[in-house]
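Hello,

Here is the structure for you to look over. My notes follow below it.

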Amino acid sequence: MDETLSLSVVVPTRNEAESVDALVSSLEPELAARAAEVIFVDDSDDETPDRVAECSLTAALTVRLLHRRPEERAGGLGGAVVEGLRQARGSWVCVMDADLQHPPATVARLLEAAEAKDLDLVVATRFRDGGSDGGLGALRRAVSRGSAAAARLLFPRRLRGVSDPMSGFFLVRRSAVELQRLRPNGFKILLELIVRSSFRAVGEVPYAFAERHAGESKASLREGARFLVQLVRLRKPEATGRLARFAVIGLSGLVVNEALLALLTERARLYYLAAAVISTQTAILWNFALTERWVYARRNCQFDLKGRLVAFCLVCTTAQLLTIPILYLLVDSVGAPYLVANLFAIAASTLVRFSIAERLIWKRPPSVT
Ligand code: GDD
Ligand code: MN
């Protein structure tokens with residue numbers, strides 16, 4: 001009997017008690033003609049599971065609840081989606097949010113596109129042919145577009161034809177997903193799926209991202225950080241440890257910089273701008289020494305120590321200058337609070353410095369074969 005289902009709708013939920021009922025009611029007419037089930041994979045601490053249980057008694061659709069206890073919530077949103085994929089019985093699986101930002105009417109259109117063109121994956125996109133991301137604030141929109149651009153830069157081939165790799169709304173052929181290869185971590189599960197599966201044919205259907213029905217978004221700075229780690233882990237798994245050490249060194253350099261600035265200004269009575277130049281340069285040297293010893297200690301490099309030092313100083317100074325326009329853009333055009341914007345600017349500059357360190361400064365010599 002299980003194999004007769006055509007569609008499983010997987011809905012990850014965390015504290016969405018007020019949206020569950022509205023979502024199921026609006027899915028019912030859309031899926032009436034289909035053998036479909038709705039699976040809520042729930043990590044809530046509110047009454048969401050009770051609302052789902054009530055729906056499962058009254059709805060015209062099969063409604064299932066997979067509640068994960070606090071100690072079972074590995075991988076957050078992404079982990080929940082993978083759990084839903086594992087339990088799904090439909091030949092197609094549609095993943096969507098509970099808060100009605102993803103219009104239920106689009107589900108049928110995703111399915112039609114998949115069947116008509118025999119696709120393995122159909123992504124609902126905000127960025128093509130009449131789609132829109134109107135339901136996001138200016139800051140989130142900028143972050144979303146920025147991360148889409150970063151992902152496209154890192155995975156040009158895999159993401160060809162995918163205009164919205166950050167989408168949380170898509171439909172996959174269940175048999176095309178290689179579940180055991182997935183390592184979900186937070187929000188960006190679609191990227192994980194695309195990079196780790198080998199989908200033959202991929203399509204897109206535009207939709208308008210709506211306002212949230214109720215409750216609040218769970219997107220956070222922590223999710224942003226998770227995404228950056230995930231990008232590196234997907235692109236270059238063996239570099240993740242080096243990036244972590246590089247970032248820790250960056251933080252320690254910040255401390256050195258501040259401490260020395262205070263010392264030179266207060267104790268040595270230097271003019272603070274002169275003190276800033278000295279402390280910044282010292283921090284760069286500090287970062288260089290630690291990076292040499294702790295990140296690339298065993299690496300055989302193409303450039304000698306002096307070359308690496310000069311390149312590192314240049315790159316750091318340039319990266320520092322670059323954070324200023326980024327900061328300006330985020331604060332003045334996007335309206336981000338300047339402290340948050342500064343964190344983003346620092347994170348972005350760390351990633352840029354790391355990728356130059358990997359590819360250029362501590363580059364291995366060309367292999368002679
Ligand atoms: N099970 C589970 N566990 N569900 C979660 C978790 C979690 O840790 N965190 C969030 N969710 C659920 C929410 O309850 C909601 O149903 C859905 O995942 C999306 O979370 P939101 O907090 O509403 O995210 P958003 O609206 O800011 O962003 C969404 O839409 C974007 C555009 O498609 C996400 O799906 C993004 O990934 C997506 O880019
Ligand atoms: Mn949402």
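The buried residues of helix 8 are Thr-240, Arg-242, Leu-243, Phe-246, Ile-249, Gly-250, Gly-253, Val-256, Asn-257 and Leu-264. Buried means under 20% relative accessible area, with exposed over 50% and partly exposed in between (1.4 Å probe, protein chains only). Helices are DSSP runs of H or I, at least four residues, and strands are runs of E, at least two, numbered from the N terminus. Helix 7 (221-235), helix 9 (272-295) and helix 11 (338-361) are among the elements covering those residues of helix 8, with contact meaning heavy atoms within 4.5 Å.

This is a predicted model: local features need pLDDT of at least 70, side-chain atom pairs count only at pLDDT 80 or more, and totals for chains, interfaces and linings use all residues. Residues are numbered from 1 along each chain as written, chains are lettered from A and ligands numbered from 1 in written order, and side-chain values use heavy atoms, without hydrogens and water.

Now the sheet. It is open and mixed, with 7 strands in the order 3-2-1-4-6-5-7. Strands pair if DSSP finds at least two bridges between them. Strand 3 (62-67) and strand 7 (202-206) are the edges; each has a single partner strand, so one side of each lacks a neighbour in the sheet. Strand 4 (residues 92-95) and strand 6 (residues 170-173) run antiparallel, joined by 4 bridges. Val-93 has Val-172 of strand 6 as its bridge partner.

Last, the metal. Asp-99 (OD) and Gln-101 (OE1) are the protein donors of the manganese ion (ligand 2), 2.0 Å from it. Donors are N, O and S atoms within 2.8 Å of the metal (3.2 Å for Na, K and Ca); water is not among the atoms, so sites may look incomplete. Both Asp-99 and Gln-101 are buried.

Best wishes
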